[in-house]
Amino acid sequence: MQASALYIVRKDGWYVERSVWLISGVLSLASTALSLFVHPGWVLLVTATGLASLVVAISGFCPVGSLLVGLGIPPMLTGELARFRGLRIYRMRTDAWFLERGIYLVVGTNLTLASLLSLAHSPWWLAFTGFVGAASVAFALTGFCPVANVLYWLGFEPRLAPVAGSTRAAGRD
């Protein structure tokens with residue numbers, strides 16, 4: 001079933017996934033700027049951010065998410081939190097390729113490839129890493145993301161309940 005409305009993620013409070021999008025976006029923007037104005041090697045921080053996003057998409061494990069859970073920020077896309085030496089570990093569900101998991105895959109792929117291309121081919125690729133970082137910050141702050149909407153229109157089902165009236169209802173299963 002193809003969606004026709006916009007998908008806007010809930011922004012009624014701060015939860016782990018929304019906070020991770022904000023942190024990832026700020027980190028991508030800052031390291032892109034440092035790469036442009038200080039030293040090209042800073043782009044490797046963008047690469048690390050992209051690779052971390054790919055790890056989240058594939059395995060569900062997110063070190064930043066685990067830190068946020070430890071700080072008391074609630075997760076929305078996990079089952080029972082795992083424990084390691086008394087610490088609660090964030091692991092996003094990986095039982096299906098739902099929309100939010102797809103976002104991590106697309107963003108991770110884009111950041112990783114564009115950052116490496118900026119080193120190997122042209123620094124103009126940093127414009128794309130900057131765009132992805134800005135889109136991540138905008139997603140965290142406004143609930144709207146171009147990638148999320150493309151995935152939504154392609155039929156990916158969201159697990160985070162969307163803003164009422166923006167799209168069809170989706171639960172947290």
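How do the residues of the lining of the largest pocket divide into nonpolar, polar and charged? Let's get to that by way of the fold. This is a predicted model, where local features need pLDDT of at least 70 and side-chain atom pairs count only at pLDDT 80 or more, while totals for chains, interfaces and linings use all residues. Residues are numbered from 1 along each chain as its sequence is written, and side-chain values use heavy atoms, with hydrogens and water left out.

The protein has six helices and two strands, both taken as DSSP runs numbered from the N terminus (helices: H or I, at least four residues; strands: E, at least two). Along the sequence they follow the pattern α-α-α-β-β-α-α-α. Of the 173 residues, 45% are buried, meaning under 20% relative accessible area, with exposed over 50% and partly exposed in between (1.4 Å probe, protein chains only).

Now the pocket. The largest one has a volume of about 370 Å³. Its lining comes to 25 residues, and the closest to its centre are Ser24, Thr49, Ser53, Val107 and Ser136. Helices H1 (16-37), H2 (43-59), H3 (63-70), H4 (99-120), H5 (126-142) and H6 (146-153) each give two or more residues to this lining, and H5 gives the most, with six. The split is 20 nonpolar, five polar and no charged; here Ala, Val, Leu, Ile, Met, Phe, Trp, Tyr, Cys and Pro count as nonpolar, Asp, Glu, Lys and Arg as charged, and the others, Gly among them, as polar. On a 1 Å grid over the protein atoms alone, a pocket is an open set of points where a 1.4 Å probe fits, with protein on both sides within 12 Å along at least five of seven lines, and lining residues have an atom within 4 Å of a point. The volume is the space filled by probe spheres set on the points, which are joined across faces, edges and corners.

On to the charges. There are two salt bridges (a side-chain nitrogen of Lys or Arg within 4 Å of a carboxyl oxygen of Asp or Glu). One pairs Arg10 with Asp12 at 3.1 Å. The other joins Arg159 and Asp95 at 3.0 Å, N to O. That pair links distant parts of the chain, 64 residues apart: Arg159 is in the segment after H6, Asp95 in the loop between strand S2 (87-89) and H4. Arg159 is buried at 9% relative accessibility, whereas Asp95 is exposed at 55%.

Arg101, in helix H4, is buried yet has no salt bridge, and Asp95, the nearest side chain of opposite charge, is 6.2 Å away (Lys and Arg count as positive, Asp and Glu as negative; His and the chain ends are not counted). The Arg101 side chain does reach the backbone oxygen of Ala57, at 2.6 Å.

Methods. A polar contact is a pair of N or O atoms within 3.5 Å; within protein, one must be able to donate a hydrogen and the other to accept it, and residues adjacent in sequence count only if both atoms are side-chain atoms.
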